[in-house]
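Subject: Structure for you to look at

Hello,

Here is the structure I promised to pass on. Please open it alongside this message; my notes on what I found follow below.

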Amino acid sequence: MQVSEPAPTYRVFARKYRPRTFSEVIGQEHIVHALSRAIERQRVGQAYLLIGPRGVGKTTTARIIAKSMNCEQGPTVEPCLQCAMCRDIERGGDIDVIEIDGASNNGVDDVRGIRDAVQTQPIRDRRKIYIIDEVQRLSGQAFDALLKTLEEPPEHAMFLFATTDPHKIPDTIVSRCQMFEFRRLREVDIQAKLVRVCEAEGMQVDAEVLQAISRGCRGGMRDAESMLDQVLATAGEKVTLDDLESVAGLARPERWLTLFEAMAADQPAVILQQVEGFLERGGTERDFVEQAVDALRDLLHVALLGEDALGVEPAPERRTRMIELARQMGRDNLEGVLGMMFHLESRMQKSPLGARALLEWTLLRAARVGHFFDLAQLLGKSQGSDYQAPVAAAAKVAPAAAAPQATQSASAAPVPAKPKAAAVVPVPVAPAPVEPQATPVQAPAATAPAPPSSVVLRDIEALLQRLENERPTLAAVVRRNFVSGALEDNNVVITLYPLEQRDRNLVEDPIELKALARLAWSPGPWRFTFDTGTRVEQDPVVDSLLESFGGQEETP
Ligand SMILES: [Zn+2]
């Protein structure tokens with residue numbers, strides 16, 4: 001859930017415990033390292049573009065850079081934090097470090113103002129530094145004006161741009177910046193920080209609560225800290241999961257188990273109750289999907305890797321339920337439901353008014369995912385073909401393949417029945433052999449387990465799933481147009497049907513491609529090639545589902 005509503009104590013922790021030096025920055029080691037070296041070698045650029053989701057430390061890092069450059073003792077990797085410059089920059093009130101919110105100052109005049117002002121020498125500091133947050137919100141004209149400045153910046157000037165959405169920034173600007181991509185923070189890192197905050201505040205908070213926050217904030221430290229803020233401000237002596245649920249809208253983990261158990265057993269009444277309860281407690285449909293996806297992902301990990309996949313230590317009773325549920329639903333069902341949830345997410349963006357109906361419809365439909373096989377056959381009959389949905393076929397043939405003990409020999413997983421109708425191109429669900437090193441089976445309970453994010457994936461389907469998590473728009477285009485995929489040396493080569501220009505721009509976007517190659521789980525560069533043949537019709541099951549949604553599949 002997004003914590004955007006300022007509670008009475010909003011931002012207290014986020015401010016109080018904001019990193020003040022590079023060494024305090026969490027989870028962005030790659031950036032800290034590069035910047036430190038640049039500062040030490042006095043090779044600092046004049047324009048940086050800091051890319052990343054909200055609340056992961058972009059502005060904080062920009063301020064640390066400013067302190068490093070302007071500190072009395074500087075330029076230094078370790079600003080003193082004592083001098084006037086350090087202190088002024090830290091409180092956002094330095095005369096030569098100008099912070100601008102692109103969202104509210106997006107006019108060309110504002111940027112013209114910068115263009116003139118940037119030419120004059122700094123008043124006190126070594127450098128005149130412009131920190132522009134949400135820079136993608138500037139208008140086209142403003143970018144033009146900015147570009148002129150960036151083409152020939154005076155030596156004393158420095159620009160630090162922060163953005164959540166680099167695609168909206170003109171290439172001409174981007175190409176003049178050094179880019180740093182901030183990662184979402186790992187749950188373990190966030191939790192460790194929250195523990196420190198609680199200790200510093202002398203507060204007793206259950207590990208389970210901190211865990212839930214660390215997960216619920218979706219990699220954003222600022223959200224995590226303000227959630228903790230809110231919970232501590234309203235809860236009694238001991239903070240519980242119930243407090244978290246009522247304050248931050250994070251459903252208790254058991255609720256997801258109840259939901260999925262009901263789905264596995266196809267119990268519509270229970271499913272609808274869960275939706276009702278969640279919305280009544282103040283969450284939105286979107287929150288529901290986000291949290292459900294997280295819970296499904298856990299179950300999928302258990303189905304694939306066995307109970308060792310439970311990096312987080314759930315309460316014993318919940319642990320048993322999770323393992324049982326993962327076994328019962330199995331890999332194929334879980335993947336199928338996850339896929340439907342992703343689809344639902346993009347659907348809901350298009351029609352927010354129908355969000356609840358879409359949500360309920362999808363859950364009820366997903367509850368029958370185990371019956372897809374029959375549904376597909378039925379459809380096949382009605383369309384005069386004997387198509388078998390590959391997902392369901394695999395699920396039907398060997399549900400045990402998803403059970404933990406069977407995953408050791410993942411290469412022996414059943415290959416889905418081939419569609420007999422030649423015209424049908426299934427979505428790529430064939431479980432390719434999983435290489436042993438790709439599975440973090442040993443997850444010591446006592447220490448923080450390595451998150452799956454650090455594992456390089458070498459299986460096309462696994463790569464596409466990760467892509468769906470982290471680059472949903474791109475993933476949707478790939479899924480829709482997928483012909484084949486392969487690993488060539490360490491290159492991910494994906495062949496797609498010919499794309500519309502808009503989609504083509506997306507898959508050929510150099511920034512996106514660069515970013516893909518750098519992802520920790522990506523084996524290397526990604527290349528998209530195009531099939532020259534004509535497009536064959538889609539999976540009839542998916543088509544029929546889309547029809548039921550009342551339209552065609554849209555381009556995001
Ligand atoms: Zn200083």
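In helix α9, the buried residues are Val209, Leu210, Gln211, Ala212, Ile213, Ser214, Arg215 and Gly216. Please keep in mind that this is a predicted model. The helix spans residues 207-216, and with eight of its 10 residues buried it is mostly covered. The cover over those buried residues includes α8 (187-201), α10, α11 and α14 (285-305). After α9 comes Arg218, which has a positive phi, near 50°.

Two of the helices that cover α9 are worth following further.

α9 and α11

The axes of α9 and α11 are 9 Å apart, and the packing angle is about 30°. Angles under 35 degrees count as roughly parallel, so that is how α9 and α11 run relative to each other. On the α9 side the contact uses Glu208, Val209, Ala212, Ile213 and Gly216, and on the α11 side Leu241, Leu244 and Ala248. Sorted by class, this contact has six nonpolar residues, one polar and one charged. Of the α9 residues in it, Val209, Ala212, Ile213 and Gly216 are among the buried ones.

α10 and α11

Helix α10 covers residues 221-234 and α11 covers residues 241-248. Their axes are also 9 Å apart, but here the angle is about 110°. The range for roughly perpendicular is 65 to 115 degrees, and α10 and α11 are therefore placed in that class. The crossing of α10 past α11 is right-handed. From α10, Met227, Gln230, Val231 and Thr234 take part, meeting Asp243, Leu244, Val247 and Ala248 of α11. By class, the contact has five nonpolar, two polar and one charged residues. Leu244 and Ala248 of α11 appear in this contact and in the one with α9.

Backbone details in the loops

Three loop positions are worth a look. In the loop between α3 (58-70) and α4 (84-90) sits Pro75, and the peptide bond leading to it from Gly74 is cis, with omega near -5°. The loop between α3 and α4 also holds Leu81. Leu81 is not a glycine, yet its phi is positive, about 70°. Leu81 has 13 other C-beta atoms within 10 Å and is partly exposed.

Asp266 is another non-glycine residue with a positive phi, of about 50°. It lies in the loop between α12 (253-264) and α13 (268-280). Asp266 has 15 C-beta neighbours inside 10 Å, so it counts as partly exposed.

How far to trust the model

The mean pLDDT of the protein is 78, and 76% of the residues score at least 70. Among the elements, strand β1 (residues 47-51) has the highest mean, 96, and helix α18 (residues 390-397) the lowest, 38. Two stretches stay under 50. One is residues 1-11, for which the model has 20 contacts beyond four places in sequence. The other is residues 371-453, with 129 such contacts. Where pLDDT is low, the predicted coordinates should not be read in detail.

Regards

Methods
Residues are numbered from 1 along each chain as its sequence is written. This is a predicted model: local features need pLDDT of at least 70, side-chain atom pairs count only at pLDDT 80 or more; totals for chains, interfaces and linings use all residues. Axes are lines fitted to C-alpha atoms, for helices over the stretch in contact, and angles run from 0 to 180 degrees between N-to-C directions. Helices (H or I, at least four residues) and strands (E, at least two) are DSSP runs, numbered from the N terminus. Angles under 35 degrees count as roughly parallel, over 145 as roughly antiparallel, 65 to 115 as roughly perpendicular and the rest as oblique. A crossing is left-handed if the near helix is turned anticlockwise from the far one by less than a right angle, and right-handed if clockwise. Two residues are in contact if their C-beta atoms, placed from the backbone, lie within 7 Å. Ala, Val, Leu, Ile, Met, Phe, Trp, Tyr, Cys and Pro count as nonpolar, Asp, Glu, Lys and Arg as charged, and the others, Gly among them, as polar. pLDDT is the predictor's confidence in each residue, from 0 to 100. A residue is buried if 20 or more other C-beta atoms lie within 10 Å of its own, exposed if 12 or fewer, and partly exposed in between; C-beta atoms are placed from the backbone.
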